[in-house]
Amino acid sequence: MPDFINSIAMKRIAAILPLLFLTFGSLTAQILDPVKVTHSLKVISETEVELQVTAIMEEGWHIYSVKPNEESFVVYTEFNIPKSDNYKLIGGINEPKPIKEYDPNFEETLEFHENTVTFTQRIKVLTSSDFKVTGEFVYQSCNDRTCLTP
């Protein structure tokens, strides 16, 4: 699991962001890794930043939306960011409009992203001290034949 750190100085406020990305793989003759994940931090104001996580998928692969279908067996994309006295999450995860399509393998209509997608999460800074935001970005990658297991 890669550990990324991104820091930004905002006058006296420095936000350091390590993200631990969970990726899913299968142990076969060859380890598949069809999704590359990067992240960045965009300063909105002195008291607000936006976490941006971009997933770049190989052709034929997709990851699911952040909108879970409670009756489905697929693993929907999520951010797991713990609470802190240093910051507060503003709203939920934002995503571009997903593709909505019937999947004959699951026999249900699913929402997913292909090619490249950027998810965002706004964060309100509540301190002038340095702090860290840690968390996990969880997703499941699938193609038309298989899904990589968690």
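Before we set off, one term: a strand here is a DSSP run of E with at least two residues, and strands are numbered from the N terminus. Keep in mind, too, that you are looking at a predicted model.

**The whole chain**

Start with everything shown as a cartoon. You'll find zero helices and 13 strands, so to speak a β-only list from the N terminus on. Of the 150 residues, 44% are buried. Among contacts with a separation of 6 or more, 68% join residues 24 or more positions apart. Switch on the surface and you have about 8,800 Å² exposed, with carbon and sulfur atoms supplying 50% of it.

**Into the largest core**

Hide the surface and select Val35, Met57, Ile63, Phe79, Phe119 and Phe137. Those are the residues that touch the most other members of the largest nonpolar core, which has 23 residues. Now colour β3 (35–45), β4 (48–57) and β10 (116–125): each of these strands supplies at least two residues of that core. Which strand gives the most to this core? That's β4, with five residues. In general, nonpolar side chains in soluble globular proteins tend to be buried together.

Stay on Phe79 and show what surrounds it. Leaving aside neighbours within four places in sequence, Phe79 is in contact with Leu51, Val53, Ile93, Phe119, Gln121, Glu136 and Phe137. Then look for a second, separate core: it has seven residues, including Val74, Tyr76, Phe112 and Cys142.

**Phe112 and Ser65**

Click Phe112 next, which sits in strand β9. Is Phe112 buried or exposed? Its relative accessible area is 7%, and buried means under 20%, so Phe112 is buried. Beyond four places in sequence, its contacts are His62, Ile63, Tyr64, Ser65, Pro98, Ile99 and Glu101. Draw a line from the C-alpha of Phe112 to that of Tyr76: they are 36 residues apart in sequence and 8.8 Å apart in space.

From there, hop to Ser65, one of the contacts of Phe112. Ser65 belongs to the loop between β5 (62–64) and β6 (78–80). With 0% relative accessibility, Ser65 counts as buried. Outside its neighbours within four places in sequence, Ser65 is in contact with Tyr76, Thr77, Glu95, Pro98, Glu111, Phe112 and His113. Another line to draw runs from Ser65 to Val75, 10 residues along the chain, where the C-alpha atoms are separated by 9.2 Å.

**The largest pocket**

Bring the surface back and select Gly60, His62, Glu101, Tyr102, Asp103, Pro104, Asn105, Phe112, Glu114, Asn143 and Asp144. Together they line the largest pocket, which holds about 190 Å³ of space. The lining divides into three nonpolar, four polar and four charged residues. β8 (99–103) and β9 (108–114) each supply at least two of them, and β8 has the largest share, with three.

**Two loop residues to finish**

Most residues other than glycine have a negative phi. What is phi of Glu107 near? The value is near 55°, which is positive. You'll find Glu107 in the loop between β8 and β9, exposed at a relative accessible area of 63%.

For the last stop, select Asn115, in the loop between β9 and β10. Phi of Asn115 is also positive, near 65°. At 52% relative accessibility, Asn115 counts as exposed.

Key
Residues numbered from 1 in each chain as written. Predicted model: local features only at pLDDT ≥ 70, side-chain atom pairs only at ≥ 80, totals over all residues. Heavy atoms only, no water. Core = buried A, V, L, I, M, F, W, Y, C linked by side-chain atoms within 4.5 Å. Buried < 20%, exposed > 50% of the residue type's maximum accessible area, 1.4 Å probe, protein only. Helix = DSSP H or I, 4+ residues; strand = E, 2+ residues; numbered from the N terminus. Contact = heavy atoms within 4.5 Å. Areas by Shrake-Rupley, 256 points an atom, 1.4 Å probe, with all protein chains shown as cover. 1 Å grid on protein atoms, 1.4 Å probe; cavity = no way out; pocket = protein on both sides within 12 Å on 5 of 7 lines; lining within 4 Å. Points joined across faces, edges and corners; volume = space filled by probe spheres on them. Nonpolar A, V, L, I, M, F, W, Y, C, P; charged D, E, K, R; others polar.
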